[in-house]
Amino acid sequence: MANVLLPLLTTVAEQARANFVKKTRRTLSVQEQFLRRLLQAYKMTEWGRLYGLKDIKTIDQFREKIPVLPYSSYQPYTDRIAQGEKNILTPDPVVYFNMTSGSTSRAKMIPITQRFQNSLGWANLTTIGFLGEALRSRGLSFGKLLITNSPQLLGRTSGGIDYGPGSTGVLRMGKFVYEQLFANPYDTLKPDDSLARHYVCLLFALRDPLMRGMAANFPMLILRTCTYLEEYSENLIQDLESGKIANWLKLEPEIRARLERLFSPAPTRAAQLREILKSEGRLTPKLVWPKLSYVATARGGTSDFYFQRFPSYFEDTPGFGAVYASAEGTFSIYPDLNNDGSILAIETGFFEFIPEDQWEAEHPKTLLATEVKPGEHYRILMTNYSGFYRYDIGDVVEVLGFYETAPLLVFRYRRGGLLSSTSEKTTEAHVTAVMQALQQEFGLPLEDFCITLSENELPARYLVNIEIAPDRTLENPQLFLRRFDDKLKEIHPYYEVKRRNLVPSPYLRILAAGSFSIVRQRQLKRGIPDSQLKFPHISEDRQFLAGLVVEQEVKLLKE
């Protein structure tokens, strides 16, 4: 069945892509039409009556009447929806709540209706259409992919509405469609234990030597899967030989029973993999799936830091951003491989852009999609079928150019994630660019890094916390720290100014192996879903890395 349905799905995706491309030639009218339809449909909700949506006829009136509000202004309404009240923010029944990851603030609940989910699903089909075209142009083929996202819910509200990560809602509501794309059975996604889930996903996907893709929300999660493949290669091969799933895995009994019914010996494939392991000394995705055509994961932000490690696992396999999205909605759609520019998703929401000179204004003046300028940074506002209007999640995007008349965006960083010893406002984008450059300059792969501030000093100094990849050493820590300081001064003028006589010199802290794995486990225990795990590379929380072993602390010898 899946072999028949996959070509059908790709045909529909190609049609979605072609229709979307036509609409990018008239971006403003598509955006106006989206807003008009939403206001008409939502005007008799409680929120719609409160703000007089029925009287709004133009974009200018919309901007004049509807304020830019934080989540705290919506929370009383979402709380009531969670208790079962109807027609509050949306006229349609709320069927699910997307929960934000809570990695940069308290978790938020975003109402999801079927209408909202359909708009996001269409964006996903469109990006599959773009992926297929991009692969064909390079002589590559689209096909099934390995995915490890969990479909497990986090809970149910008192009003009977399920809630969980956005990716869980997408998987559960689009289960039949997405099953056609997966190289591993849907049941392999169900184990609660993260290692067990990744192991069985790999185990079933390894049966197919012709698998074409891998996908995860963030590059760090792709690297984690690669690590599991390498670390458990012998176990995986043994299971393929025997046709039995390792008994040491923490699998729920009913899930183990279902998976064992689906699993059978694959001795020929096991022999192929054992030969690769013998000759290469390791298993990597590109070695075990030589026809791998794409790796789909988030681009922009801190992604490039992790991408520097991709060639050792994927060689020249191209990357694909798919969609730039959050729990609140989809912002843009990627049209090509190995490209950071993504097209504004003009059919999933109405978008406005706040220029930098308006960021501190109480009532900021906004630009429309066709009014932005390449090279400029903006905060992006979203109005969509969630019932949130002119909503600012804090994302800062850069406009790279235009696709027809629709802007090409790349996510840079989220406001609020700032590091300041005094008032220099260092962003995650600043430190990520520095660490990327240092990885290349020193030929030193890092497991991860996080810049924090020292305690009991005013002003505080920057602490450069790094974990070096296994079997590698930093020969000249003093020079590494000096180059960090110089590079940050170079790309961040405010840091350079403050370092002259206010901010003390940074310290380098080399952490013990496995340190950042401990931090991620702490995040999971805090309730951050596995598939939404993002690692902050700056933190003003002095306790964020508390308890980790510092193997070496290095100070600059002289200013």
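**Exercise 1.** Compare the span of helix H9 with its expected length, and work out how far the helix is enclosed in this predicted model.

*Solution.* Begin with the geometry: H9 covers residues 194-205, and its 12 residues reach 17 Å from the first C-alpha to the last, which is close to the 16 Å expected at 1.5 Å a residue. Next, look at the N-terminal end, where Asp193 acts as a cap, with a side-chain oxygen lying 3.4 Å from the backbone nitrogen of Leu195. Then turn to burial: 11 of the 12 residues of H9 are buried, so the helix is largely enclosed by the rest of the structure. Among these buried residues are Arg197, His198, Tyr199 and Phe204. Finally, ask what covers them; the covering elements include strand E3 (145-147) and the helices H10 (219-231), H11 (233-242) and H12 (253-262).

**Exercise 2.** Classify the ring pair of Phe34 and Tyr385, and state which parts of the chain the pair ties together.

*Solution.* The structure holds 30 aromatic pairs. In the pair chosen here, the ring centres of Phe34 and Tyr385 are 5.1 Å apart and the planes stand at 50°; tilted pairs fall between the limits of 30 and 60 degrees, so this pair is tilted. Since Phe34 lies in helix H2 (residues 27-42) and Tyr385 in the loop between strands E13 (377-383) and E14 (391-403), the pair ties together parts that are 351 residues apart in sequence. Both Phe34 and Tyr385 are buried.

**Exercise 3.** Find the ring over which the charged end of Arg17 sits, and the ring whose face lies under Arg520.

*Solution.* The charged end of Arg17 sits over the ring of Phe130, at 5.8 Å from its centre. Arg520, in turn, lies over the face of Phe535, 5.2 Å from the ring centre.

Key: Residues numbered from 1 in each chain as written. Predicted model: local features only at pLDDT ≥ 70, side-chain atom pairs only at ≥ 80, totals over all residues. Heavy atoms only, no water. Helix = DSSP H or I, 4+ residues; strand = E, 2+ residues; numbered from the N terminus. Expected span 1.5 Å × (residues − 1). Buried < 20%, exposed > 50% of the residue type's maximum accessible area, 1.4 Å probe, protein only. Contact = heavy atoms within 4.5 Å. Polar contact = N/O pair within 3.5 Å; in protein donor to acceptor, adjacent residues only side chain to side chain. Phe/Tyr/Trp six-rings, centres within 6.5 Å; stacked < 30°, edge-to-face > 60°. Lys NZ or Arg CZ within 6 Å of the ring centre and 35° of its normal.
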